[in-house]
Amino acid sequence: MSDPTLPVPAARRGLVLAICCASVFVVVMDISIVNVALPAIRHDLHTSVSGLQWTVDAYTLVLSGFLVLAGSTADRAGRRRVFQIGLAAFGLGSLLCGLAPNIGWLIGARALQAVGGTMLNPVAMAIVANTFPEPGERARAIGVFGSVTGLSLALGPILGGGLVDGLGWRAIFWINVPVVAAALACTALFVPESRAARARRFDPVGQTLVVLVLGSGVYAIIESRTLGWTSPIILGLLVVAAAGLLGLLAYEPRRADPLLEPRLFRSVPFNSAILMALGALCGFSAFLFVTTQYLQDVRGMSALAAGLCLLPVGALVVVLSPATGRMIGARGPRLPLMIAGTALALGGGASFWLGPDTPLPAVLAIYLLFGVFLGTVNPPITNTAVSGMPRSMAGVAASLASAGRQTGTTLGVALAGTLVASSPARGGTSFTDAEHAVWWLVLAVGAGILLLALLSTGRRALASAERAASLFEDAGRAPTAGVTSGART
C-alpha cells in the first residue's frame with residue numbers, strides 16, 4: 001500500500017532531493033568533522049581524553065539509540081513536520097555547541113544536536129523514497145542520497161581542518177546554522193507532507209531498554225580506565241547492560257509492532273548485515289579518532305593539513321560509491337564486501353608501521369586503503385540487510401542497519417579512546433603500544449567483515465532470509481537492486 005500523499009511535480013523533485021541531501025550532509029558530517037578539532041578542544045577547554053570521547057559519543061550514542069523511534073514517529077505524525085522539528089533542534093544544538101564555555105556544556109549541546117539528527121537521517125530517506133514513485137527514478141535518487149551521506153563522513157575532517165585553522169574549533173558548529181536555516185525555509189515551501197499508510201506503534205519499553213543497553217555499555221567502556229574494570233560502578237553498568245539485553249530478548253517477541261522485529265533476526269544475511277554495519281563504522285571511527293590526533297599531536301601538523309591528509313579517503317568514496325552500486329546490481333554484494341573487508345584489514349595491518357618519521361607518501365598510501373573500504377562497504381550492507389525481505393519490512397531492516405552503523409561509531413570511539421588513554425605519555429614516540437592495540441582492533445574487524453561476506457551471501461544464508469520473509473504476512477519481496485545505493489550512514 002502506498003503512502004496517502006499527493007504526487008510531487010517532476011520539476012520540484014530534484015529540489016526536494018537537494019534539501020534532504022543538504023540536511024543529512026551536515027548531520028552525518030558532524031560525526032567526523034569534530035575529530036579534527038579534538039586537539040584544539042582539548043587545549044581550549046582543558047579536558048581529558050574521556051571528555052573528548054564523550055564529545056564524539058554523546059552525538060553518535062543518541063543517534064544510534066533513537067534512530068528507529070524517530071523514523072516510526074515521522075510515519076505517524078508526518079514526515080515533513082518531524083523533519084522540520086529535527087532541523088530546528090539540530091540548528092539550536094549547533095549554536096549552543098559553538099557557545100560552549102566548558103566540556104560539560106559542549107557534550108550536552110552535542111546530545112541536543114543528535115536529537116535533531118535522529119529526525120533527519122531516516123526521515124529524509126523516507127521523504128526521498130516517497131517523492132520519486134517510479135522505481136528507476138527512485139533508485140537513482142537513493143543512489144545520490146547514499147553517495148552524499150558517505151561523502152559527508154569522509155569530507156568532515158577536511159572541511160573541519162580548514163575551519164579550525166581559519167576561524168577556530170567553534171566554527172565547525174556555527175557553519176551548520178545557516179545551512180539549517182535555509183533548509184527549514186525550503187522545506188516549508190517545497191517538501192510535501194506524507195505519512196505511512198500503516199505506521200508501526202510506539203514501543204516505549206523496547207526504546208527504554210535499547211537506550212539502557214547502549215548507554216550503560218558505552219559509559220562503562222569510556223570510564224573503565226579512570227575507574228577500573230573491577231570498580232563497582234563499572235561492574236554495575238555492565239550488569240545493567242546485560243539485564244537490558246535480556247529484557248529485549250524476552251519482551252520484544254511479545255509485541256505486535258516491536259522496535260526490534262525479532263523475525264528479522266532469523267535471517268542470516270540480516271544478522272550479518274547488522275554485525276558488518278557495527279564493525280565497519282567501529283573500525284573506521286577508531287581509525288579517524290586516532291589518525292586526526294596522530295597527524296596533529298605526533299607529526300605536528302595543523303588541523304587543515306591533517307584534514308587534507310584524509311582527502312584520499314573522500315576522493316575514493318566519490319569514485320567508488322557509484323561503481324559499487326553498479327557492481328551489486330550486476331554481481332550481488334559479495335565482491336564489494338570482500339573488497340571492503342580486505343582493504344580494512346590491510347589498512348589496520350599497514351598502520352603498525354606508522355610513526356613520527358614515517359614518510360608522508362607512505363602515510364597517504366595507507367589512508368587510500370581506508371578510502372577503498374569506506375567507498376565499498378555501505379551499499380552492500382544495506383543490500384544484504386534487505387535481501388529477501390518483504391517490502392513492508394525493507395524500511396525497518398535498513399533502519400536497523402543504519403542504527404548498527406551509529407552504534408559502531410560510538411563503540412569505535414569509546415574503544416579507541418580507552419586504548420589511547422592507556423598510553424603513559426602522549427605524542428612523539430608514545431605512538432606505539434596503545435595505538436597498536438587500535439590497529440589490532442581495526443585488522444580484526446576487517447577480517448570479520450571478510451568472513452561475514454562469505455557467510456551472508458551463500459545459498460544457506462539466502463535460504464534463511466526466504467524463511468524469515470515467509471513469517472510476515474506481506475509476501476512481496478524488496479527490490480534489492482533499487483536499494484543498493486541508498487546505504488544510510
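Buried means under 20% relative accessible area, exposed over 50%, and partly exposed in between, using a 1.4 Å probe and protein chains only. Hi everyone, let's use that on a predicted model, where local features need pLDDT of at least 70, side-chain atom pairs count only at pLDDT 80 or more, and totals for chains, interfaces and linings use all residues. Residues are numbered from 1 along each chain as its sequence is written, and side-chain values use heavy atoms, leaving out hydrogens and water.

Let's start with helix α6, residues 121-131 (helices are DSSP runs of H or I, at least four residues, numbered from the N terminus). How many of its 11 residues are buried? The count is 8, so α6 is mostly covered. Among the buried ones are N121, P122, V123 and M125.

Now, its partner. Helix α3, residues 49-77, packs against α6 at an angle of about 40 degrees, with the axes 8 Å apart; the axes are lines fitted to C-alpha atoms over the stretch in contact, and angles run from 0 to 180 degrees between N-to-C directions. That makes α3 oblique to α6, since under 35 degrees is roughly parallel, over 145 roughly antiparallel, 65 to 115 roughly perpendicular, and the rest oblique. Who touches whom? L67, A70, G71 and A74 of α3 meet N121, P122 and V123 of α6, where contact means heavy atoms within 4.5 Å.

Finally, the largest nonpolar core (buried Ala, Val, Leu, Ile, Met, Phe, Trp, Tyr and Cys joined through side-chain atoms within 4.5 Å) has 125 residues. Helix α12, residues 268-298, gives the most, with 16. I41 is among the members touching the most others, and its contacts beyond four places in sequence include L106 and W169.

Definitions and conventions. Helix = DSSP H or I, 4+ residues; strand = E, 2+ residues; numbered from the N terminus.
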